[in-house]
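Work through the exercises below with the model open. Each task is followed by a stepwise solution.

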Amino acid sequence: MSEDLPTIYVDADACPVKPEILKVAERHGLPVTFVANSGLRPSRDPMVRNVIVSGAFDAADDWIAENVQEGDIVITADVPLAGRTVAKGAHVTGPTGRLFDKSNIGMASAMRDLGAHLRETGESKGYNAAFSPRDRSAFLETLDRLCRRAKNARTGSPS
């Protein structure tokens, strides 16, 4: 995998957009690293790497946070991981196309903590909305934009 290209890191356990990630990555010529606690479907594509970590709590998150570099792309629904990788200068999005960056990660963390508190106290049932075609479309648009931005930042071209 090329040193001058940004890598797409995927928090792959329960990620609903793996095929979309591969499609966008191939279009941009970017390497992808899927990180999971359990088995992943092998790929013959030399630009795709699968990393299986231990079943320990947050092992995949820890691996991604330790390996991501400034300007790489991270795909995760996990707000704490998003915070750790934003702090390292990564471009971060969730599988619904939600962007995480320095301007909003604090609020995202606060809302996550509030939601956890409300679930613990029984004030909220904590149901998540179903993943929709609109989410998939928003994700594709966001990932395409992040790939262009990350590549341009590495080559010095305007985004």
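**Exercise 1. Disulfides**

Find how many disulfides the whole structure holds, and state whether Cys 15 and Cys 147 are buried or exposed.

Solution. Step 1: apply the criterion, a pair of cysteine sulfur atoms within 2.5 Å. Step 2: search the whole structure; zero disulfides turn up. Step 3: check accessibility. Buried means under 20% relative accessible area, exposed over 50%, and partly exposed in between (1.4 Å probe, protein chains only). Cys 15 has 10% relative accessibility and counts as buried. Cys 147 is also buried, at 0%.

Some ground rules apply throughout. This is a predicted model, in which local features need pLDDT of at least 70, side-chain atom pairs count only at pLDDT 80 or more, and totals for chains, interfaces and linings use all residues. Residues are numbered from 1 along each chain as its sequence is written, and side-chain values use heavy atoms, with hydrogens and water left out.

**Exercise 2. Salt bridges between helices**

Count the salt bridges, then locate the partners of Arg 136 and Arg 27.

Solution. Step 1: the criterion is a side-chain nitrogen of Lys or Arg within 4 Å of a carboxyl oxygen of Asp or Glu. The whole structure yields four such pairs. Step 2: Arg 136 pairs with Glu 20, N to O at 2.8 Å. Arg 136 sits in helix H5 (residues 133-155) and Glu 20 in helix H1, so this bridge ties together parts 116 residues apart in sequence. Helices (H or I, at least four residues) and strands (E, at least two) are DSSP runs, numbered from the N terminus. Step 3: compare exposure. Arg 136 is partly exposed at 29%, whereas Glu 20 is buried at 10%. Step 4: turn to Arg 27. Its partner is Asp 144, with the closest N and O atoms 3.3 Å apart. This pair again links H5, holding Asp 144, to H1, holding Arg 27, across 117 residues. Asp 144 is buried at 16%; Arg 27 is exposed at 53%.

**Exercise 3. A shared partner**

Which residues do salt bridges with shared partners join into one network?

Solution. Step 1: Asp 144 also meets Arg 148, N to O at 2.2 Å. Step 2: both residues lie in H5, four residues apart, about one turn of the helix. An α-helix has 3.6 residues a turn, so residues three or four places apart point the same way. Step 3: Arg 148 is partly exposed, at 40%. Step 4: join the pairs. Arg 27, Asp 144 and Arg 148 form one network.

**Exercise 4. Helix H3**

Identify the buried residues of H3, its N-terminal cap and the residue with positive phi just after it.

Solution. Step 1: in H3 (residues 79-87), Val 79, Leu 81, Ala 82, Thr 85 and Val 86 are buried. Step 2: these residues cover an arc of only 155° around the axis, which puts them on the same side of H3. The arc is that of the directions from the helix axis to the C-beta atoms. Step 3: Asp 78 caps the N-terminal end, with a side-chain oxygen 2.7 Å from the backbone nitrogen of Leu 81. Step 4: just after H3, Gly 89 takes a positive phi of about 90°.

**Exercise 5. Positive phi without glycine**

Place Ala 14 and Asp 58 in their loops.

Solution. Step 1: Ala 14, with phi near 65°, lies between strand E1 (8-11) and helix H1 (18-28). Ala 14 is exposed at 79%. Step 2: Asp 58, with phi of about 65°, lies between strand E3 (48-52) and helix H2 (59-67). Asp 58 is partly exposed at 31%.

Methods. Polar contact = N/O pair within 3.5 Å; in protein donor to acceptor, adjacent residues only side chain to side chain.
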